[in-house]
Amino acid sequence: MDKRVKNKEWYMWVLGLALLLVVAASLGNTIKLTLLENKKVSSIAEIQIPEVPDVKTQRAYGVVSAEEWSSYYSDIYKSYMANSGNTGHGGVRIKYTETDPDIQTLYAGMGFAFDYTEAIGHNYTLEDIAETQRPHKLANCLTCKSADMTAMVNALGTSVYSTDFETVFAAVSEPISCYNCHGNTPGTIIITHDYMAEAMKADIEAKKVSASSVSCAQCHIEYYFDPTTKATKTPYKGLTEISPDAILAFYNSTGFYDFVNPNTGVQMIKVQHPEFETYYGAGSKHKGMYTCADCHMGVAYNANGDPYANHYLSSPLDNKELLQTTCKMCHADLTSQVKAIQENTTKREKQISAMLVEINQKLAAAIEGGTLPQETIDQIKALDRDAQYYWDFVYVENSEGAHNSKLSNYCLDKAEDLAKQALALLK
Ligand code: HEC
Ligand code: HEC
Ligand code: HEC
Ligand code: HEC
């Protein structure tokens with residue numbers, strides 16, 4: 001055999017081997033990709049809960065802090081800390097007292113009339129409360145701001161709510177944290193806030209509502225401070241009583257009020273932030289389908305492709321992964337859809353708040369001038385209280401109609417109708 005042919009054979013062997021290597025490598029990659037693909041989950045509930053490490057703490061009242069958990073749950077901790085980046089619109093927070101000046105009249109008699117700014121990330125709650133211009137006398141306003149406060153109530157009882165603010169504020173340092181939603185067992189949802197455990201325990205056990213959503217409802221709800229004990233309470237027990245009508249009926253039957261408007265003497269209800277009541281209320285499109293966490297947390301993947309619950313709380317509109325994998329099949333353009341709902345809600349809120357200001361001024365003048373019989377004044381006062389309640393139920397709800405546009409419009413219709421009745425009596 002001549003030497004040239006022999007050489008050629010040698011080349012063929014090398015070429016063949018190289019080809020084999022390429023095929024093997026790409027096969028390996030495919031296998032690796034398939035493995036990553038297999039780790040994909042379709043919702044948070046499918047993520048396997050990791051075993052809880054034994055972590056002891058020396059902190060007062062026993063809250064294991066987020067930092068103490070951080071080395072065991074590094075992905076989750078990082079995503080939780082990302083909430084520190086949520087500082088409002090480029091670090092500038094909207095001042096509602098300026099964008100919606102009507103509230104200076106409607107909330108007169110309470111702190112929100114002169115200091116009411118946009119909500120920002122969970123990690124800021126303690127700085128926020130230290131900076132706010134609203135006066136705080138009692139510790140009950142720390143209810144939704146600190147894991148240490150929640151643990152103090154659980155350790156010492158509800159008398160903590162009526163302890164003076166400064167004493168308790170000096171004893172807390174952990175903002176909203178793992179403990180609020182998990183106790184000291186990360187991964188398992190535990191309702192640690194006493195009033196919410198009491199209100200929703202039966203419905204959670206009967207699987208009428210997911211514990212996951214109730215963990216958010218510990219703070220994202222309408223609550224009130226008991227007039228005698230000053231303890232934080234819910235105006236309802238169970239899902240059947242969370243409608244705006246039922247809550248108002250409860251307040252009206254007990255004569256409860258949060259503040260008195262100094263211009264008119266009307267005893268007003270200040271609604272807080274009824275995200276839970278709105279999303280789980282009548283007419284909600286997704287309440288049986290998604291939990292709060294499905295839309296505001298979602299699933300993320302670490303460098304190994306392992307899924308974890310994203311603890312960065314974002315608008316679903318900012319979560320591209322969620323929009324693409326989950327919402328897209330039914331919503332071609334969710335961003336425009338939400339924008340349209342919110343524009344309509346905001347427009348109606350402004351129209352109705354203008355009517356409420358008009359009632360406030362005319363009623364004050366009627367009382368001052370003695371131009372109307374007492375019976376009519378009392379009737380107008382009752383209409384004003386109820387109208388502002390229905391308006392506030394939507395105004396302070398943080399989704400601006402997106403959670404349940406049907407219920408928001410129902411409340412705005414009610415507010416408008418009651419306001420018209422009051423104005424007719426003031427003609
Ligand atoms: C212990 C109380 C508490 C719990 C529990 C809680 N939140 Fe909040 N949340 C707050 C407070 C207070 C704010 C406003 C913070 C501020 O402005 O200082 C807030 C703000 C938010 C915001 C707005 C953040 C921004 O950047 O604008 C979102 C979204 C949110 N929460 C979602 C959730 C979800 C989802 C859950 C459940 C998984 C939850 N929250 C559980 C108290 C709580
Ligand atoms: C079907 C998806 C979905 C579910 C479920 C859901 N939300 Fe929302 N949420 C939204 C949308 C959409 C917005 C408006 C976002 C925007 O304006 O960018 C919103 C807004 C919010 C905001 C205001 C955020 C901000 O940055 O100002 C809060 C707080 C909030 N939701 C809490 C909750 C809570 C608590 C629950 C459960 C009781 C819940 N959401 C359930 C879709 C959802
Ligand atoms: C505002 C409430 C809230 C806070 C604060 C919170 N979690 Fe969660 N966590 C949840 C929810 C909701 C889920 C999802 C569970 C579900 O929907 O079934 C979850 C899931 C988890 C899981 C199981 C899923 C996974 O990815 O492994 C772990 C572990 C976990 N959280 C750890 C932590 C740690 C550690 C912290 C503090 C750094 C923390 N969580 C803070 C609400 C919270
Ligand atoms: C299986 C279909 C389906 C999926 C998936 C779906 N939606 Fe919807 N959604 C609907 C329908 C139907 C409506 C009511 C009709 C409409 O307004 O488009 C709706 C309405 C909404 C509304 C307006 C609610 C209101 O009361 O006006 C929001 C916000 C919303 N969806 C958010 C989401 C988000 C976020 C996701 C992904 C996490 C999602 N949807 C996934 C079917 C779906």
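Modeller: Let's start with the vocabulary: a helix is a DSSP run of H or I at least four residues long, a strand is a run of E at least two long, and both are numbered from the N terminus. With that in hand, serine 65 can be placed in the loop between α1 (3-38) and α2 (66-69). Please keep in mind that this is a predicted model.

Colleague: Thanks! Is serine 65 buried or exposed?

Modeller: The general idea is a cut-off: under 20% relative accessible area is buried, over 50% is exposed, and partly exposed lies in between. Serine 65 has a relative accessible area of 7%, so it is buried.

Colleague: And which residues does serine 65 touch?

Modeller: Leaving out residues up to four places away in sequence, serine 65 touches Arg59, Glu174 and Ser177.

Colleague: Let me step back to the whole chain. How many helices and strands are there in the protein chain?

Modeller: The protein chain has 18 helices and 6 strands. Its radius of gyration is 28 Å, whereas the globule rule gives 22 Å for 427 residues; the value is well over the rule, so the chain is more spread out than a compact globule. The C-alpha trace fits that picture, spanning about 125 × 50 × 45 Å along its principal axes.

Colleague: What share of the 427 residues counts as buried?

Modeller: That share is 42%. For the outside, the protein chain exposes about 22,700 Å², and carbon and sulfur atoms supply 58% of that area.

Colleague: How should I read the contacts along the chain, and what part of them comes from residues 24 or more positions apart?

Modeller: Take the contacts with a separation of 6 or more: residues 24 or more positions apart account for 68% of them.

Colleague: How many positive and negative side chains does the protein chain have?

Modeller: There are 37 positive and 51 negative side chains, and the centres of these two sets lie 8 Å apart.

Colleague: Now a single helix. Which residues of α12 are buried?

Modeller: Helix α12 covers residues 244-254, and its buried residues are Pro244, Ile247, Leu248 and Tyr251.

Colleague: Why do the buried residues of α12 line one face of the helix?

Modeller: The general idea first: an α-helix has 3.6 residues a turn, so residues three or four places apart point the same way. In this case, looking down the axis of α12, the buried residues fall within an arc of 95°, so they line one face.

Colleague: What do those buried residues pack against?

Modeller: Their partners are β1 (224-225), α13 (275-279), α17 (374-395) and α18 (405-425). Just after α12 comes glycine 255, with a positive phi near 70°.

Colleague: Which residue in the loop between α10 and α11 has a positive phi without being a glycine?

Modeller: That is lysine 207, with phi near 60°, in the loop between α10 (194-205) and α11 (211-217). Lysine 207 is exposed, at 74% relative accessible area. Lysine 230 also has a positive phi, about 65°, although it is not a glycine. You will find lysine 230 in the loop between β1 and β2 (232-233), and at 33% relative accessible area it is partly exposed.

Colleague: Where is serine 210, and what does it touch?

Modeller: Serine 210 lies in the loop between α10 and α11. It touches Tyr280 and Thr291, with residues up to four places away in sequence not counted. At 26% relative accessibility, serine 210 counts as partly exposed.

Colleague: How do I compare sequence distance with distance in space, say for leucine 425 and glutamine 379?

Modeller: Put the two numbers side by side. Leucine 425 and glutamine 379 are 46 residues apart along the chain, and their C-alpha atoms are separated by 8.7 Å. Leucine 425 sits in α18, is partly exposed at 29%, and is in contact with Leu372, Thr376, Gln379, Ile380 and Leu383, its neighbours within four places left aside. Now try aspartate 194 in α10: aspartate 194 and glutamine 361 are 167 residues apart in sequence and 41 Å apart in space, C-alpha to C-alpha.

Colleague: And which residues is aspartate 194 in contact with?

Modeller: Beyond its neighbours within four places in sequence, aspartate 194 is in contact with Val153, Thr158 and Tyr161. At 23% relative accessibility, aspartate 194 counts as partly exposed.

Terms used
Residues numbered from 1 in each chain as written. Chains lettered and ligands numbered in written order. Predicted model: local features only at pLDDT ≥ 70, side-chain atom pairs only at ≥ 80, totals over all residues. Heavy atoms only, no water. Rg over C-alpha atoms; globule rule 2.2 N^0.38 Å. Buried < 20%, exposed > 50% of the residue type's maximum accessible area, 1.4 Å probe, protein only. Contact = heavy atoms within 4.5 Å. Areas by Shrake-Rupley, 256 points an atom, 1.4 Å probe, with all protein chains shown as cover. Lys, Arg positive; Asp, Glu negative; His and termini not counted. Charge placed at Lys NZ, Arg CZ, Asp CG, Glu CD. Arc of directions from axis to C-beta.
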